[in-house]
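Reader: I am new to this structure and would like a close look at a single part of it rather than a quick tour of everything. Please choose one part, stay with it, and explain how its surroundings are put together.

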Amino acid sequence: MTIEAWQGALRAVAVLSVDPAAVGGMHLKARPGAQRERLVSYLREVLPPSTPIRKLPGHVTEDRLLGGIDLASTLARGELVAERGILAGASGGVVILPMAERAATRTAAHLHICLDQHEFRIEREGIGRREEARFGVLALDEGIDDE
């Protein structure tokens with residue numbers, strides 16, 4: 001990466017850190033390595049300390065992404081207990097999406113809904129609620145070609 005490209009990437013990360021939800025996100029096409037990890041570390045440095053940062057695993061389930069039933073608490077209490085998902089926990093911060101080029105269609109769709117509407121709805125398994133989801137996305141694209 002050239003010095004100009006590196007400085008441009010640092011500026012883009014700084015802009016994202018000002019108001020991630022308003023900016024929406026950043027697409028970073030870079031192979032895994034020290035430079036990419038340094039940019040992610042820089043993002044963590046420039047965000048306010050209490051800003052939530054959530055990394056989405058590539059195999060994230062819809063229950064984990066949006067929330068579902070907390071089975072252990074439901075069984076212990078004898079009543080339905082809902083669990084917050086990753087997206088609700090990221091509100092006010094940044095979601096890091098590694099291997100963005102391989103993200104499941106459903107995951108990408110949920111991220112797009114949140115970026116557009118700043119909320120999502122859960123209506124399944126006896127759960128019906130709205131969750132605020134105002135965040136920015138750092139999409140880490142590891143693709144070699146323009147896929």
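Author: The elements named below are runs assigned by DSSP and numbered from the N terminus, where a helix is a run of H or I with at least four residues and a strand is a run of E with at least two. The model is a predicted one, and in it the protein has seven helices and eight strands. The part I have chosen is strand β5, which covers residues 94–97, together with what lies around it.

To place this strand, begin with the sheet, which is open and consists of four strands in the order β1-β8-β5-β2, with parallel pairing. The strands at its edges are β1, residues 25–29, and β2, residues 53–55; each has a single partner strand, so one side of each is left without a neighbour in the sheet. From one strand to the next, the twist averages 15°. In general, the strands of a sheet pair through backbone hydrogen bonds, in either a parallel or an antiparallel way.

In the order just given, β5 stands between β8 and β2. With β8, which spans residues 136–141, β5 pairs in the parallel sense over four bridges, and in this pairing leucine 97 stands opposite alanine 139. With β2, the pairing of β5 is again in the parallel sense, over three bridges, and here valine 95 of β5 is the bridge partner of arginine 54. A helix also belongs to this picture, since α3, made of residues 34–46, packs on the sheet and touches β1, β2, β5 and β8, while its direction makes about 170° with that of β8.

Which residues of β5 lie on each side of the strand, and are they buried or exposed? Val94 and Ile96 are on one side and Val95 and Leu97 on the other, and all of them are buried, which leaves both faces of β5 covered. This arrangement can be read beside a general point, namely that in a regular strand the side chains alternate between the two faces of the sheet.

Leucine 97, which belongs to β5, deserves a closer look. Its relative accessible area is 10%, and because buried means under 20%, leucine 97 counts as buried. Apart from its neighbours within four places in sequence, leucine 97 is in contact with Leu56, Ala103, Leu111, Val137, Leu138, Ala139 and Leu140.

Leucine 97 also leads to the largest pocket, which is lined by 13 residues and has Leu97, Leu111, His112, Val137 and Ala139 nearest its centre. The space in this pocket comes to about 150 Å³. Three elements, β1, α7 (105–117) and β8, each supply at least two residues of the lining, and α7 gives the most, with four residues. Sorted by class, the lining has nine nonpolar residues and four polar ones, with no charged residues.

Beyond the end of β5, the chain enters the loop between β5 and α7, where methionine 99 is found. Although methionine 99 is not a glycine, its phi is positive, at about 50°. Its relative accessibility is 33%, so methionine 99 counts as partly exposed, a class that lies between 20% and 50%.

Methionine 99 is also one of the contacts of glutamate 142, a residue in the segment after β8, the strand that is a partner of β5. When neighbours within four places in sequence are set aside, glutamate 142 is in contact with Ala30, Arg31, Pro32, Arg36, Met99 and Glu101. At 14% relative accessibility, glutamate 142 is under the 20% limit and therefore counts as buried.

A second positive phi is found in the loop between α7 and β6 (119–124), which holds histidine 118; this residue is not a glycine either, and its phi is about 60°. Histidine 118 is partly exposed, with a relative accessible area of 23%.

Finally, the wider setting can be given in a few values. Buried residues make up 37% of the 147 residues in the protein. Of the contacts with a separation of 6 or more, 71% are between residues 24 or more positions apart. Taken along the principal axes, the C-alpha atoms fill a box of roughly 60 × 30 × 25 Å.

Conventions: Residues numbered from 1 in each chain as written. Predicted model: local features only at pLDDT ≥ 70, side-chain atom pairs only at ≥ 80, totals over all residues. Heavy atoms only, no water. Pairing = 2+ DSSP bridges. Axes fitted to C-alpha atoms, helices over the stretch in contact; angles between N-to-C directions. Contact = heavy atoms within 4.5 Å. 1 Å grid on protein atoms, 1.4 Å probe; cavity = no way out; pocket = protein on both sides within 12 Å on 5 of 7 lines; lining within 4 Å. Points joined across faces, edges and corners; volume = space filled by probe spheres on them. Nonpolar A, V, L, I, M, F, W, Y, C, P; charged D, E, K, R; others polar. Buried < 20%, exposed > 50% of the residue type's maximum accessible area, 1.4 Å probe, protein only.
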